[in-house]
Amino acid sequence: MRCITVKKHSSAYLDGELEAGQSSAIRGHLRICEACQQCYEEEAGLIAAASELQPLDPPDHLWQGILSQIADAEIADSEEVDRLPVRRAIVRRAIRRIIPANWRLHAIGATSLAIAMALLYADAGSQKPSQMAAGTADTRVEQGDTQQAAVLAPKATETRELYAPQLALTIEDADRDYLQTIADLRTILEEDRSSWTNKEARILDAELATFKRIGIGTRLAMSETSVESRDELYAHYQLEISFLESALMGELSGNSGSTH
Amino acid sequence: MPYTKTNSLTVSEPRKHGKSSELEFNDIELVEACLRGESPAMELLYRRYKRRVFGLVTRIVGNSDAEEVAQEVFVRIYRGLSKFRGDSQLSTWIYRLAVNASLTHVSKRKRRPECDPWDDQQAAPDEPMRDSALSRRLEDALQMLPAGYRAVIVLHDIEGQSHEQCAAILGCRIGTSKSQLHKARAKMREFLNQSLRE
C-alpha cells in the first residue's frame, strides 16, 4: 500500500469504516512508514481530544431572553391578525378590477354588435355563411368553449371586417386590467420585502421571475387579436394573481407557487 | 386597557397530562405539549437540548455571537415546532436548525469588520479538560477552519453524530459528509501543528 492511499483512507480507518482486509493493509503500512505513522497518531489524537471537549453550558439568562423573544413574536402575531383583514381588503380591491371572465363579458358587447350586423345583412338578403359562423363562434366563446369557437370562426380578415376593432379594444382593456392588477400586487408585496428573510426573498423573487418570463413568452406566442389564444395568457395571469395574493396573505408554504 | 407584556407563558395553562417525571416525555409527546403552550414542556425541551445547541452554535460562530444565535435558534425551534412532522428525530431537526442559523450568521458576519470569535470572557467549559492547553489549541484551530468544515467536525467528532445523521443535518450525501470530515481533520492537524511550532 502506498502512502497516498493511507492518507486518503485514514479518516475512514480511524472511524472503523473500512473492511478488515483494508484495515489490515493500513496497519501493515503504518508499521513500516514512519511519516504515515506520525500522521496517523496526530489524527487519532485529534479525534480523541475532540471527543473529550467539554459540553458548553449557556448562560442562565438565555432562557429568559428566549421567552422574551417568543413573547414579542406572539404579540406581533396578534397585531398581524388585526392587520390581516385590512390587508385582505387592499388586495381584494386591487383584484376587483379583474373579473375572471372580464374580457369575455366585454366581448358580449362586440358579439352583440356582430349579431346585429349579421341580422342586418340577413334582412338585406346578403348574409354570408362565414359571417353567420362568426356570430355562432362568439356565442360559444362566451360560454368558454374556445376550441369549438376556433373551428367555427371565420378567417381573420373576414372577422376583422365585421367586429375586430371593438373586440381588439376589449382585449386591450382586459390585458391592461390584468397587467395593472399584477403590477399593483407586486408593488404591495415589494413594501413587505424588509420583513422577509433572505431565503424567503430568494424563493419569492425566483417565482416572480418565472411568472414574468412565462407571461412574456405566452404573450409573444399568441395572436394579437385571437380570442382563444387569450385563454392561456389569462389563465397564466390569474395564476400569478393568485400566487401574489397568497404571498401577501402570508399563506405561501416553502414549495408553493407556480405549477410551471 | 393597557397591555402588559409578559415573558411567562403561564398566562394560560392548558390541560396538563399528569406526567410525573420529565423522563416520561418522549420527543413526540414533548413537541405536542409545547404546541399546546405548556410552559413546563417548553422548559423541559430547552433543558434537554440547551447544551447541544449552545455547544454547536458556540463552536461554529464563536463565543462572541453564540448567545445571540443560540437564542435565535431556540425561538425558531418553538415557533417552528408545528412544522416538525416526526419524519426525522427531533434532535436531528433541532441540530439542522442550529447548523443553518449558525452558518447563515457566519456568512453574514464575513461582511462585517473582523472580530475575535473566540473570546475568553464567555462560555468556558464546565470542567477543565485533562489537557486544558490542548483543549484551548483545539478550540482555536476549530475557529480557523472554514465554517462548513467546522460544522461537520463539531457534529461528528465533538457531538458524536454518525455520518448518516450528519448528512441529514447538513442536507448532503453521506459520502460528502465523510469527505468533508476527512478534509476538515487534515486542516485541523495542519493548524494544530502550526500552533505548536509558534
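**Arg185(B) and the interface of chains A and B**

Arg185(B) is buried, with a relative accessible area of 0%. The model in which this residue sits is a predicted one. Across the chain boundary, Arg185(B) forms a salt bridge with Asp15(A), and the closest N and O atoms of the two are 3.0 Å apart. Asp15(A) belongs to the loop between α1 and α2 (20-32) of chain A, whereas Arg185(B) is part of helix α8 (residues 174-197) of chain B, so the pair joins two chains. Unlike its buried partner, Asp15(A) counts as partly exposed, at 23% relative accessibility.

The interface around this pair can be described by its area and its residues. The size of an interface is often given as the accessible area lost when the parts come together. Between chain A and chain B the buried area is about 4000 Å², and carbon and sulfur atoms give 61% of that area. On the side of chain A, the residues that lose the most area to chain B are Leu53(A), Leu56(A) and Trp63(A), which together account for 19% of what that side buries. Chain A contributes 39 residues to the contact and chain B contributes 45.

Polar and charged interactions also cross this boundary. The interface of chain A and chain B holds 6 salt bridges, and 12 residue pairs across it are in polar contact, with both residues at pLDDT 80 or more. On the side of chain A that touches chain B, the elements giving two or more residues are α1 (3-14), α3 (34-52) and α4 (62-96) of chain A. The largest share of that side, 15 residues, comes from α4(A). Sorted by class, the side of chain A that touches chain B has 18 nonpolar, 10 polar and 11 charged residues.

Chain B itself has 8 helices and 0 strands. Of its 198 residues, 44% are buried. Among the contacts in chain B with a separation of 6 or more, 65% are accounted for by residues 24 or more positions apart. The accessible surface of chain B is about 10500 Å², and 49% of it belongs to carbon and sulfur atoms.

Ser91(B) offers a local view of the packing in chain B. This residue is found in helix α4 (residues 90-109) of chain B. With a relative accessible area of 8%, Ser91(B) is buried, because it falls under the 20% cut-off. Apart from neighbours within four places in sequence, Ser91(B) is in contact with Tyr49(B) and Arg52(B).

Over all chains, the structure holds 15 salt bridges. One within chain B is formed by Arg48(B) and Asp27(B), with the closest N and O atoms 3.2 Å apart. This pair links distant parts of the chain, since Arg48(B) lies in helix α2 (residues 39-61) of chain B and Asp27(B) in helix α1 (residues 27-35) of chain B, 21 residues apart. Both partners are partly exposed: Arg48(B) at 26% relative accessibility and Asp27(B) at 24%.

A salt bridge of shorter sequence range occurs within helix α8 of chain B, where Glu190(B) and Lys187(B) are 3 residues apart and therefore separated by about one helical turn. Their side chains meet at 3.7 Å, N to O. Glu190(B) is partly exposed, with a relative accessible area of 39%, and Lys187(B) also counts as partly exposed, at 31%. Returning to the interface, salt bridges that share partners join Asp15(A), Glu43(A), Asp157(B) and Arg185(B) into one network.

Conventions
Residues numbered from 1 in each chain as written. Chains lettered and ligands numbered in written order. Predicted model: local features only at pLDDT ≥ 70, side-chain atom pairs only at ≥ 80, totals over all residues. Heavy atoms only, no water. Helix = DSSP H or I, 4+ residues; strand = E, 2+ residues; numbered from the N terminus. Buried < 20%, exposed > 50% of the residue type's maximum accessible area, 1.4 Å probe, protein only. Contact = heavy atoms within 4.5 Å. Areas by Shrake-Rupley, 256 points an atom, 1.4 Å probe, with all protein chains shown as cover. Buried area = accessible area lost by both parts, 1.4 Å probe. Salt bridge = Lys/Arg side-chain N within 4 Å of Asp/Glu carboxyl O. Polar contact = N/O pair within 3.5 Å; in protein donor to acceptor, adjacent residues only side chain to side chain. Nonpolar A, V, L, I, M, F, W, Y, C, P; charged D, E, K, R; others polar.
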